[in-house]
Amino acid sequence: MTTALLTHADCLLHETPQGHPEQIARLERVLEALSDAKFDPILRKKAPLVADDDLLRVHPKSHIMDIRDSAPDAGIAQIEGDTYMSAGSVAAAYRAAGACVRAVDLVLSGEVQNAFAAVRPPGHHAERETPMGFCLFGSVAVAAKYAVEVHGLKRVAIIDFDVHHGNGTQDLIEGDSRIAFASSHQMPLFPGTGAADETGSVNNVMNVPLAEGSGGVEMRRVYSEKILPYMALFRPELILVSAGFDAHRADPLAGLNWETDDFRWLTEKICDLADQTCSGRVVSSLEGGYDLEALAEATAAHVEILMERGA
């Protein structure tokens, strides 16, 4: 058993305006960090294009067509607030979702113990019919629905530790009792959702808002006392992770002030939970993280732990 790394050069073709935080350099720095010799044992796979049938489990056809039609032939187009597309954005978004789906196949087949999708654009803000927050398709939600509908799993967990609430993921899964979603996030902060009383129509959602400046000590407390016990009771057969690294102290868009060691600790605890409930099966996908050095460092730490647990 080992760890898989899924990515594709198409994810570097999604262009945003100069100065935009969700920039090509984010993925370049992550892939540079993961090219270090210590990551040589990783099984490297090219992310496929997601099938429309897989997207249709969470997005209507109208949304998929709107995304396709919004891509300009040249230059950059603003499609919503802070969300932009270029000629390469559709392929990048299809690869990002495809990476998550393929990772589920690899993990559930037993070919690998766990997997990390190094992709962009991120996905956890994309709602059923609305792109937002740099996101076009709900990639992790697509993978969760794929796991229950195609592989027949009865219980899939999604843990989202991005500094921003995963409103899109919540929107896409909150009526499906086979999928449990837990998010820790800074509040108040974009997108303004994720209050503790948002529990989903079938009580399958846990939101844990964190105060600005609360740091890693508070994060470790809420995961130890709330999120991890909640997921342990759910007994997932697979754990999906929306791995945003923008809670890092150095990140310019938020202020939770986590250290790289906090991401390492959290990855270990998620893997412990997976060992207890689902034979260590974890699929993680890159979400946010906007300080390039901190993003590369924290992602490398996250993947190092996955490799240790997949060895």
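This report describes the nonpolar core and the salt bridges of a predicted model.

## The nonpolar core

The largest nonpolar core of the model has 97 residues, and within this set the members that touch the most others are F161, Y223, I239 and L240. Helix α4, which spans residues 89-108, gives the most to this core, contributing 13 residues.

I239 can be followed further through its surroundings. When its neighbours within four places in sequence are left aside, I239 is in contact with A157 and I159, and also with a run of later residues that includes I270, L273, A274, T277 and C278. The list of its contacts further includes R281, V282 and V283.

## Salt bridges between distant parts of the chain

The structure holds 17 salt bridges, and one of these joins K38 to E304, with 3.2 Å between the closest N and O atoms. This pair links distant parts of the chain, since K38 lies in the loop between α1 (24-33) and β2 (43-46), whereas E304 belongs to helix α9 (residues 292-310), 266 residues apart. K38 has a relative accessible area of 45% and is therefore partly exposed, and E304, at 23% relative accessibility, also counts as partly exposed.

Helix α9 takes part in another salt bridge, in which the side chains of D272 and R309 meet at 2.6 Å, N to O. Here too distant parts of the chain are linked, with D272 in helix α8 (residues 260-277) and R309 in helix α9, 37 residues apart. D272 is partly exposed at a relative accessible area of 27%, and R309 is likewise partly exposed, with a value of 26%.

## A network around D176 and R178

The side chains of R178 and D176 also meet in a salt bridge, with a distance of 2.8 Å from N to O. Are these two residues buried or partly exposed? R178 has a relative accessible area of 25% and is partly exposed, whereas D176, at 7% relative accessibility, counts as buried, because the cut-off for a buried residue is under 20% relative accessible area.

Which residues are linked with D176 and R178 in a network of salt bridges? The network also takes in K145 and E149, so that K145, E149, D176 and R178 are linked through salt bridges.

Note on methods: Residues numbered from 1 in each chain as written. Predicted model: local features only at pLDDT ≥ 70, side-chain atom pairs only at ≥ 80, totals over all residues. Heavy atoms only, no water. Core = buried A, V, L, I, M, F, W, Y, C linked by side-chain atoms within 4.5 Å. Buried < 20%, exposed > 50% of the residue type's maximum accessible area, 1.4 Å probe, protein only. Helix = DSSP H or I, 4+ residues; strand = E, 2+ residues; numbered from the N terminus. Contact = heavy atoms within 4.5 Å. Salt bridge = Lys/Arg side-chain N within 4 Å of Asp/Glu carboxyl O.
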